Amino acid sequence: MTVRTAEARRANGPTEEPGRTPERRRKWRRSPYVPWLFLAPALILIFYFKYLPMAYGLRMSFYEVRGYLGDLYVGGQNYSDIVTDDKFTAAAWHSVVLAVGTTAGSMFFGLILALLLEGSSRTLWFVRTAAFLPVVTTIAVAAEVWRILYHPAADGPLNSILGLIGISPQPFLADEQSSLLSVMGVGIWRGAPYDMMIFLAGLAGVDRSLYESSAVDGANTWHRFRHVTVPALRPVFAILITLAAIRGIRVFTEVFLLTNGAPNGSTEVLMTLIYKLGLQQGKLGIAAAGSILLFGATVVLTVAVRALRRREV
Amino acid sequence: MSAERFDTVLGLAYRRGAVARILVILLYAILVLVFAGPLVALMIGAFSKVVDPTGFSLIPEGGFTLRNFIAAGDRNVYHYLFNSFVVVGFGLLLQMLVSVFAAYALARHKMRLAALIMLIILATMMLPEEVIAIPLSVVLADLPPFDLDLIGTYAGMILPVGAWGFSILVMTEFMKEVPVELEEAARIDGAGELRTFFSVILPLCRPALGVIGVFGFTMIWDQYLLPLIVATDATQYTLPIALRTLRSDEEVGIGVLLAASMLALLPSVIAFLAFQRQFVRGLTSGAVKG
């Protein structure tokens, strides 16, 4: 059907559109509306689902949101409420610890992975592909699998493995002392292979002749790494720190599924707290204020890293 | 000393000698086990008779069974999977169309405001979706000026993922590289605006389409907070947000969670393996430019 109409159109094309002379078409081409028509869907969607919520959020953060009763202007009350809330300060602290720990851990292990798995052999390609799987794993699945692995019983999956090398059973997510570290572990498991790929792209840009000439000059592997590789990777470090820090501070899904703040609030992060305040307790204004503060933190972080980078270069 | 020894910093793969070889292979095995092991155990576990976390391993006891997938049917897992496919199917289609259209305007037309519009789009990439989640739920409940309520609908999960800065950026950068001569040739041959777009520009952009396709798929498949906000009851759940309701089952214990997790995992892994080159290219280019 479609083929036939397409053919028919091709056959009658010129007679069907007698008015469309090249001049007219050129005029159409010059029309200023065409690019706007192409842009319209993107701009409408971005307006409705990015900028409008942002504006709503900003407004809501100054109001007590009461649904049908109408919103009540409360000035900075929501902000002062939330920053004086011990739960919020604790959550902010956990978010920062989690972001810093996950970022540092992912970069450290990512760099080691990249150095170990750099090369073009088929075996290495296979190992890299396997190591990269956590990155493409749906976060929800990763969280559920790790909940199982972290099972705190002595014969839980991870505890059984630790037992083999003589480490006593750990409570992981079930204990206040180890819960945040355990959440961090999942973040690093997913983050390290991601960072590995970025490092590998950076390593591919290192001048090979430098390795060889430094070897001729008597440098060993460590010197080669320290004085040739690390300087070449400097921009990569900066990019990864920015990306990971922002991603870390606004973490939600992993924490929501692994612990949802438990035990005793020891893993409560900003987003899980905001979610609870806003969507479970209906304190939309206070939740919005928290969101705006979180946004402010990501902006400050981004600008700070950019500024540091510029000074370095 | 051979030259290939300097292809990498450590030159690990080129170490000779039996002991070094064995150590290197052992190291590779440990890495594969750490990163892929849990996922392989999940895939195996989904087909095993494991009922509680202590039985979860690479070699579970009890042999092969399909009972987890049968139990999954009783727990509506296939309905959640269907929801996920609807959202990812229409969402990805919308996202790719929106991206190529916007990119075409930004890359191929001389617009005075192009720089400003690019900035508006790029700024959304700096705006974490978590930050706008709470107000987004309010916007979705009452979309001005139409008073549309998208809470509890597929549209509520699909429309917000329609415009993604990353896709638009990748597409725009790529389209700038397509030679203008080809477009002019098509025009001289009598092709109109849409015709030129679909039969000349788009086919040339196939590599970039691969990148935004596989990234868009992973991004939408991985959505968590958005469907959580939009879904009002369990029948509207996508598979990822349904997982936490499936943690135990009277008959098969964690078996139903393993089966559902495997179904949630498989599409993204297949997408990655099938489009690995595009994936790595998009990852590095996106990170370097972001």
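## Exercises on a two-chain predicted model

Among the elements of chain A, the lowest mean pLDDT (the predictor's confidence in each residue, from 0 to 100) is the 42 of helix H1 (residues 2-16) of chain A, and the highest is the 94 of helix H7 (residues 139-149) of chain A; helices are DSSP runs of H or I with at least four residues, numbered from the N terminus. This is a predicted model, in which local features need pLDDT of at least 70 and side-chain atom pairs count only at pLDDT 80 or more, while totals for chains, interfaces and linings use all residues. Residues are numbered from 1 along each chain as its sequence is written, and chains are lettered from A in the order in which they are written.

**Exercise 1.** Find the stretch of chain A where the pLDDT is below 50.

*Solution.* Start with the whole of chain A, which averages a pLDDT of 83, with 89% of the residues scoring at least 70. Then turn to residues 1-20 of chain A, where the pLDDT is below 50 and which have two contacts in the model beyond near neighbours in sequence; a contact means that the C-beta atoms of two residues, placed from the backbone, lie within 7 Å. Where pLDDT is low, the predicted coordinates should not be read in detail.

**Exercise 2.** Describe the side of chain B that touches chain A.

*Solution.* First take the counts: 75 residues of chain B are in contact with 78 residues of chain A. Next, note that helix H14 (residues 255-274) of chain B gives the largest share of this side of chain B, seven residues.

Methods:
Helices (H or I, at least four residues) and strands (E, at least two) are DSSP runs, numbered from the N terminus. Ala, Val, Leu, Ile, Met, Phe, Trp, Tyr, Cys and Pro count as nonpolar, Asp, Glu, Lys and Arg as charged, and the others, Gly among them, as polar.
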